[in-house]
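Student: I have a model open on my screen and would like to understand one spot in it properly. Could you take me through a single residue and its surroundings, and then show me how that spot fits into the whole chain?

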Amino acid sequence: MNLVIDIALWTIVVALGLTLFLRDQPMFADALRFARREFFALLPRVAVGMIGSGFIAEILPKQLIPSLLGPESGIAGLLFATVAGALTPGGPVVGFAIATAALKSGAGAPHIIAYTIAWALFALPRVITFEVAAMPARVVWLRVAVSLPLPFLAAGAAMLTGRP
């Protein structure tokens, strides 16, 4: 499956690059310079994130996961998962590594759904660093406030539809 996704992404990139090259060659050269600069700026961060997330996954207290996030933890587990998701720093490499490690350690799928949705919607490090800096704080906090029920609604929907 990963190979199919990789091929599809590279096909899109080549098609876009070819389109830009045929339309405007100086702009194509600018785009390549920008891509190279961003690639080398982000590569070390991605490497650090992947290695760090592996360490995080290994040091998770595996014996505590079932009691904190297991299927029997109920609403308290969903609340813990939502708060943990909101406090998790970093990008997808970190968030999904933690979620995967928790699933392997006995966390319930609805709890991990609540965690990932909370992490995606209102991870506080990202909200404070990027959103509040870019948008009026009143709009950001309103967005966070109206998004608060979503992890619980998604987890509830997962519980109603069965085990994923």
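**A close look at Thr82**

Tutor: Happy to. Leaving aside residues up to four places away in sequence, Thr82 touches Ala114, Ala118, Phe122, Pro151 and Phe152. Please keep in mind that this is a predicted model. Thr82 itself sits in helix α4. Is Thr82 buried or exposed? Its relative accessibility is 6%, and buried means under 20%, so Thr82 counts as buried.

Two of those neighbours, Pro151 and Phe152, lead us to the partner helix. Helix α4 covers residues 74-87 and helix α9 covers residues 150-161; their axes come within 10 Å and cross at roughly 130°. How should we describe that angle? Angles over 145 degrees would count as roughly antiparallel and 65 to 115 as roughly perpendicular, and α4 and α9 are therefore oblique to each other. The crossing in which α4 passes α9 is right-handed. On the α4 side, Leu78, Leu79 and Thr82 take part, and they meet Pro151, Phe152, Ala155 and Met159 of α9. Sorted by class, the residues of this contact are six nonpolar, one polar and no charged. Thr is not among the residue types that count as nonpolar or charged, so Thr82 falls in the polar class.

The other neighbours of Thr82, namely Ala114, Ala118 and Phe122, point us to helix α6, which spans residues 109-122. Helix α6 also has a packing partner of its own: helix α5, residues 92-104, lies with its axis 10 Å from that of α6, at an angle of about 170°. The two helices, α5 and α6, are therefore roughly antiparallel. Here, too, the crossing is right-handed. From α5 the contact draws on Pro92, Gly95, Phe96, Ile98, Ala99, Ala102 and Leu103, and from α6 on Ala109, Ile112, Tyr115, Thr116 and Trp119. By class, that gives 10 nonpolar, two polar and no charged residues.

Now let us step back to the whole chain. The protein chain has nine helices and zero strands. Of its 164 residues, 26% count as buried, and Thr82 is one that counts as buried. Among contacts between residues at least 6 apart in sequence, 70% join residues at least 24 apart. As for overall dimensions, the C-alpha atoms fill a box of roughly 60 × 40 × 30 Å along the principal axes. The radius of gyration is 20 Å, whereas a compact globule of 164 residues would have one near 15 Å.

Notes: Residues numbered from 1 in each chain as written. Predicted model: local features only at pLDDT ≥ 70, side-chain atom pairs only at ≥ 80, totals over all residues. Heavy atoms only, no water. Axes fitted to C-alpha atoms, helices over the stretch in contact; angles between N-to-C directions. Helix = DSSP H or I, 4+ residues; strand = E, 2+ residues; numbered from the N terminus. Parallel < 35°, antiparallel > 145°, perpendicular 65-115°, else oblique. Left-handed = near helix turned anticlockwise from the far one by under 90°. Contact = heavy atoms within 4.5 Å. Buried < 20%, exposed > 50% of the residue type's maximum accessible area, 1.4 Å probe, protein only. Rg over C-alpha atoms; globule rule 2.2 N^0.38 Å.
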